[in-house]
Amino acid sequence: MHSIWLYLICVVFSIGESQPQYSYSQKYERKLQNYHQCTNKYKELTKVYEARNLEFGFPSEFERQTALLSGRYQPDIPLPIDVDVYYLPNRYRPEIFLTIPRFGRGVPYSLATLTDVVRPNGPELQPFPSYDWHSTHGGDCNGLTSVYRIQVDSCGNMWILDSGEIEFVQYCAPQILVLDIARSTVLHRYRLPLGIYKPKISRFVTPYVDIADPAPWGSCQKAFVYMADPTGNGFVVYDVSNRRSWRIENKYTYPDPDFGTHTIAGESFELMDGTFSFAATPHSLGIRRMLYFHSLSNDAQIAIPLHIVNNQSYWSLNDPSSGLEHFILLGKRGVQCGIEAMTAQGVLLCGHLAPIGIFGWNISTPYTFHNRALLAENPETLQFVSGLKVRRNLWGQDEVWIVSNRLQRSFGGNLNFNETNYRILKCGVVDLLIGRPC
Ligand SMILES: *[C@@H]1O[C@H](CO)[C@@H](O)[C@H](O)[C@H]1NC(C)=O
Ligand SMILES: *[C@@H]1O[C@H](CO)[C@@H](O)[C@H](O)[C@H]1NC(C)=O
Ligand SMILES: *[C@@H]1O[C@H](CO)[C@@H](O)[C@H](O)[C@H]1NC(C)=O
């Protein structure tokens, strides 16, 4: 009986919401009230990993001491920002990868796997593919210099975007590297040419790989990779089959000064970041496919047809008007959201800064306040959603994988290492979409 009344209140609240005279924050307050009345608690996602600080494993105690003495390992500096998983056939648990970019010095390696070894601050990491790939800190351009985000494909390959710089010193050209995860062999490597990236300005943080020939029938070689360059205010498209890339930079790829202040859980920092994150229309929907993207310091959500963005003839370098008429401003959300991911059902997920949670928008509907549903709110565990992936497990179920990292505290230099700062969480996509416990 009680629950029926709550349900009715929820329905009345939802109807009341459609009045247009509310301001953005009033609307959110009402939406939140409504939400809490209906659920009365925050969303608990399945905990996979929790750490007060990152615990780096080294090949030997000697290597650890050497790294500590030279300042190449400063334990309180490294910050994890992305996660991805690889399900080995016949293995119940996936292999879990974390990226730890070299914003500055003090990060011993920037791509790691999670182990079962428990250390005082959390589980121990091990370098991937091996320590040698990272240990020159920019000295070996065949290795990895700084990895921000990765993507694991259905063929068991990892697509790695290496920014090539540490603190904007460009040690190597940015590169996209494809590794066979099980064998740790290089399948493909492409170094961005000058002009496509801007030394001292560019910082490539997010790859999004759209694969035309996925497993089980294909071999994941016919692909386009979109690479976000938020500090260079643009993005790069890489046509893998033809080994060609082009840069896109115009008013849609820029930040908006009105969204340069980011406030997470009451703490603010300034950041003027352009294009940050992408997602594409699922093949299964059978509709015209689009590339969705947005800037981190902007509330505008943008789309462009894939056949346009993938056709080099539309894009000339340093011409902010080329291809411009093909961009679609879908709408403005009134707040920043970080990384985005697409579900097979065509729901675009994004981690919003306020309220702190994952929102879902059905891409077949207008990008309006009403059509953006708060799927998981948790101000404790979801500040700040820095990595977000949808991956299919061995049983054919899609899962959402999340890494959160309290970015605002890290930027302010006031992380408290007595509390949990870094988390990897997951939830079944269907559970998330219909509001079931994870
Ligand atoms: C790319 O676009 C041009 C027109 O701008 C068109 O002539 C060409 O066929 C397109 N290429 C592909 C591969 O679709
Ligand atoms: C998205 O919206 C379309 C059009 O209203 C609808 O047919 C479809 O079922 C919706 N998808 C989901 C996952 O709700
Ligand atoms: C962390 O815990 C230690 C030992 O209990 C304590 O001395 C220290 O003040 C704590 N730091 C913070 C920031 O709470």
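## Two ligand sites and a four-stranded sheet

Gln345, Asn362, Ser364 and Thr365 surround ligand 2; a residue counts as near when one of its heavy atoms lies within 4 Å of the molecule. The model is predicted: local features need pLDDT of at least 70, side-chain atom pairs count only at pLDDT 80 or more, and totals for chains, interfaces and linings use all residues. Residues are numbered from 1 along each chain as its sequence is written, chains are lettered from A and ligands numbered from 1 in the order written, and side-chain values use heavy atoms, without hydrogens and water.

**Ligand 2.** The shell holds no nonpolar, 4 polar and no charged residues. Here Ala, Val, Leu, Ile, Met, Phe, Trp, Tyr, Cys and Pro count as nonpolar, Asp, Glu, Lys and Arg as charged, and the others, Gly among them, as polar. Asn362 makes a polar contact with ligand 2, that is, a pair of N or O atoms within 3.5 Å. Taken alone, ligand 2 exposes 360 Å², of which the protein buries 37%. Accessible areas come from the Shrake-Rupley method with a 1.4 Å probe.

**Ligand 1.** Its surrounding residues are Asn311, Ser313 and Tyr314. Asn311 and Ser313 both bring a polar side-chain atom to an oxygen atom of ligand 1. Ligand 1 taken alone exposes 360 Å², and the protein buries 26% of that.

The side-chain contacts are listed here.

| Residue | Partner | Distance |
|---|---|---|
| Asn362 | oxygen atom of ligand 2 | 2.3 Å |
| Asn311 | oxygen atom of ligand 1 | 2.3 Å |
| Ser313 | oxygen atom of ligand 1 | 3.2 Å |

**Fold.** The protein chain has 6 helices and 29 strands. These are DSSP runs numbered from the N terminus: helices are H or I with at least four residues, strands E with at least two. The radius of gyration is 21 Å, close to the 22 Å that the globule rule gives for 438 residues, so the chain is as compact as a globular protein of that length. The radius is taken over C-alpha atoms, and the rule is 2.2 Å times the number of residues to the power 0.38. Along the principal axes, the C-alpha atoms fill a box of roughly 65 × 55 × 45 Å.

**Sheet.** 4 strands form an open antiparallel sheet, ordered S1-S29-S28-S27. Strands pair if DSSP finds at least two bridges between them. Strand S1 (46-51) and strand S27 (385-392) are the edges, each pairing on one side only. Inside, S28 (residues 398-404) and S29 (residues 422-428) pair over 6 bridges. Glu399 stands opposite Gly428 in S29.

Methods:
Polar contact = N/O pair within 3.5 Å; in protein donor to acceptor, adjacent residues only side chain to side chain.
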